[in-house]
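Biologist: I am new to this structure and would like to learn how to read it step by step. Could you take me through its main features?

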Amino acid sequence: MVGTMVLTLMGCGTAVFVGCGEPAGVAATALAFGLSVIAMAYTIGAISGCHINPAITLGVAMSGRMTWKDACGYWVGQFVGGILGAAILFAIVKTTGAAGAMGSPEGLGTNGVANAGGVWGACLVELIATFVFVLVVLGTTDEKKGAGNLAGLAIGLTLVLVHLVCINLTGTSVNPARSFGPALFVGGAALKDVWVFILAPLAGAALSAVVWNCLAGECKK
């Protein structure tokens, strides 16, 4: 919960206060999300594995690294954290008046489908981006084949990478909890289309789990 709150607040907060209209803003927002993951990985990684993304939890559960009962508990914490992060950001915006209209899709760093050509284009973008991201997570955190203490750095930098590619298409979700929290406060089109940013990342994560299990030699024949 705490980790997802920090990710949502810092990542979406950068999108709100710096903006993504110019290349510098895109880079800053991408770095904010990636740095948030790196910071949390080395803060709560030893406690919970730093699952601050429901898509990652799905991939880990499908890889047999955690029970489905534990996964459900993680999902609750992640969505609560996403809502808390968005609530804090909403309070800052309303108190300071430092950002634009709250009713716009970008008001709280929410995601949108228009620049991706609509719902199905956004689904494709999010599925591919999440597949890449979660595949890196599964690979770098594997007990036998992983990157050890460097896993958090690799995961954070990969999140920067997928944001650089996808921000101008969907705003980059790859994380259902990070998308749901801001959409809940913004409403309108952001809330109407939030299912895309829940289902597509989960589908991408499921695909990455299947692929990683095969790459790791664990695919049953």
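**Overall size and fold**

Modeller: With 221 residues, a compact globule would have a radius of gyration (taken over C-alpha atoms, by the rule 2.2 Å times the number of residues to the power 0.38) near 17 Å, and the protein agrees with that at 16 Å. This is a predicted model, in which local features need pLDDT of at least 70 and side-chain atom pairs count only at pLDDT 80 or more, while totals for chains, interfaces and linings use all residues. Residues are numbered from 1 along each chain as its sequence is written, and side-chain values use heavy atoms, with hydrogens and water left out.

Biologist: How many helices and strands does the protein have?

Modeller: Helices (H or I, at least four residues) and strands (E, at least two) are DSSP runs, numbered from the N terminus, and here there are nine helices and zero strands.

Biologist: How are two packed helices described?

Modeller: One gives the angle between their axes and the distance between the axes. Axes are lines fitted to C-alpha atoms, for helices over the stretch in contact, with angles from 0 to 180 degrees between N-to-C directions. For helix α5 (residues 119-140) and helix α6 (residues 151-170), the axes come within 9 Å and cross at roughly 175°. That makes α5 roughly antiparallel to α6, a term for angles over 145 degrees.

Biologist: How many of the 16 residues of α1 are buried?

Modeller: Buried means under 20% relative accessible area (1.4 Å probe, protein chains only). In α1 this holds for 13 of the 16 residues, so the helix is largely enclosed by the rest of the structure. Across the protein, 51% of the 221 residues count as buried.

Definitions and conventions. Buried < 20%, exposed > 50% of the residue type's maximum accessible area, 1.4 Å probe, protein only. Parallel < 35°, antiparallel > 145°, perpendicular 65-115°, else oblique.
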